[in-house]
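Hi there,

Here is the structure I promised to pass on to you. Have a look at it first, and then read on for what turned up.

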Amino acid sequence: MKVELNQYQVTNDCIWQGYDNFVVFEEQTHQIQQDLNLQVDFEKPRFSKSCSVVVLLNYLSLPLNFQTSWNSASLRICADGGATLFLQLCSQQPNLQLKAPEFVKGDLDSINPQVLQQLKQMGTKIIRDSSQDTNDLQKCFHLIYQIQDQHNFQFDLIEIIGGLGGCLSHQFANLNALFEHQQQKPHQLAALVASQNISTILPPGQHEIFAKCGTFCSIVPFASSCRSITTSGFAWNLVGHELKFGKLISTSNRFIESKAKIENTDPVIFTIDFRSN
């Protein structure tokens, strides 16, 4: 996997059309329903550059390039209460000129009717998934998979805004959703992005990470130990080490080269920290 972090944004010229009718679609289970095809009319994306999805969660921890990432994305989704946050941003910071989300999805327990009505007027589709077996981020991943399956293509990047910070329980749930995504789509990059961090899951294999020299980072095992990991390009490299909670984890490391390499036998969380020391 190749990960570019010098400028964490994706530009594209994907065109999405066909969102003429507002609908609240009730999914009976968390499984993708064939009936959704009848209610949401997609036009297949046309693109010549990288295509990204931005998912906005209900936590105000925005990266500096949020406006660019959001407006240049091919597809924008608010996860439940993220819709309320989106409208607050539009009201409090109108200079951002944010594009409307194509979808809101979740169990809708965090949205009042006024928010839904306002989004209706903006042309956003609302999908209610009342399942309690999945969280709102997992529900959004399911929607993304459905869109990809319908049109036989794959987004290059899924950027999840507000997935870090705030309630620790929510952060664990978001990391679990990210881990599930990595298991299902090991070659599709997804990342939790906040004002101070970017986190992604590196599946077993060889990886190249590009970032500015001096950038701080961490490599932490997830779900179980990483039996062996070898790195280069960092201030403190690992050579066949085992990463395991209660023993060794790699935190507060930093890039000393613009390209670092990681080879790992098991999934790890790779995190970039936006700090100067």
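**The pocket and its surroundings**

Two helices, H5 (136-151) and H6 (168-184), each contribute at least two residues to the lining of the largest pocket. Please keep in mind that this is a predicted model. Of the two, H6 is the one to look at first on screen: the largest share of that lining, four residues, comes from H6. In total, 25 residues line the largest pocket, and those nearest its centre are Asn-58, Asn-135, Asp-136, His-170 and Asn-174. Sorted by class, the lining holds 14 polar, six nonpolar and five charged residues. The space inside the largest pocket is about 490 Å³.

**The chain as a whole**

The chain has six helices and 16 strands. Of its 277 residues, 52% are buried. Among contacts with a separation of 6 or more, 73% are between residues 24 or more positions apart. The accessible surface of the chain is about 13,100 Å², with 46% of it belonging to carbon and sulfur atoms.

**Helix H3**

If you colour helix H3 (residues 82-92), you can pick out its buried residues: Gly-82, Ala-83, Leu-85, Phe-86, Leu-87 and Leu-89. What covers them? The cover for the buried residues of H3 includes three strands, E3 (52-56), E4 (75-79) and E5 (103-106), along with helices H2 (66-72) and H4 (113-122).

**Two buried polar side chains**

His-207 sits in strand E10 (residues 205-210). Is His-207 buried or exposed? His-207 counts as buried because its relative accessibility is 4%, and the cut-off for buried is under 20%. Its side chain makes a polar contact with the side chain of Asn-264, at 3.1 Å.

Ser-218 belongs to strand E11 (residues 216-221). With a relative accessibility of 10%, Ser-218 is also under the 20% cut-off and therefore counts as buried. Leaving aside residues up to four places away in sequence, Ser-218 touches Ser-250, Thr-251, Ser-252, Ile-269, Phe-270, Thr-271 and Asp-273. With one of these, the link is polar: the side chain of Ser-218 reaches the backbone nitrogen of Ser-252 at 3.4 Å. Ser-218 and Ile-272 are 54 residues apart in sequence, yet their C-alpha atoms are 6.7 Å apart in space.

Happy to go through any of this with you at the screen.

Best wishes

Methods. Residues are numbered from 1 along each chain as its sequence is written. This is a predicted model: local features need pLDDT of at least 70, side-chain atom pairs count only at pLDDT 80 or more; totals for chains, interfaces and linings use all residues. Side-chain values use heavy atoms; hydrogens and water are left out. On a 1 Å grid over the protein atoms alone, a cavity is a set of points where a 1.4 Å probe fits but cannot get out, and a pocket is an open set with protein on both sides within 12 Å along at least five of seven lines; lining residues have an atom within 4 Å of a point. Grid points are joined across faces, edges and corners, and a volume is the space filled by probe spheres set on the points. Ala, Val, Leu, Ile, Met, Phe, Trp, Tyr, Cys and Pro count as nonpolar, Asp, Glu, Lys and Arg as charged, and the others, Gly among them, as polar. Buried means under 20% relative accessible area, exposed over 50%, partly exposed in between (1.4 Å probe, protein chains only). Contact means heavy atoms within 4.5 Å. Accessible areas come from the Shrake-Rupley method with a 1.4 Å probe; for residues, only the protein chains shown count as cover. A polar contact is a pair of N or O atoms within 3.5 Å; within protein, one must be able to donate a hydrogen and the other to accept it, and residues adjacent in sequence count only if both atoms are side-chain atoms.
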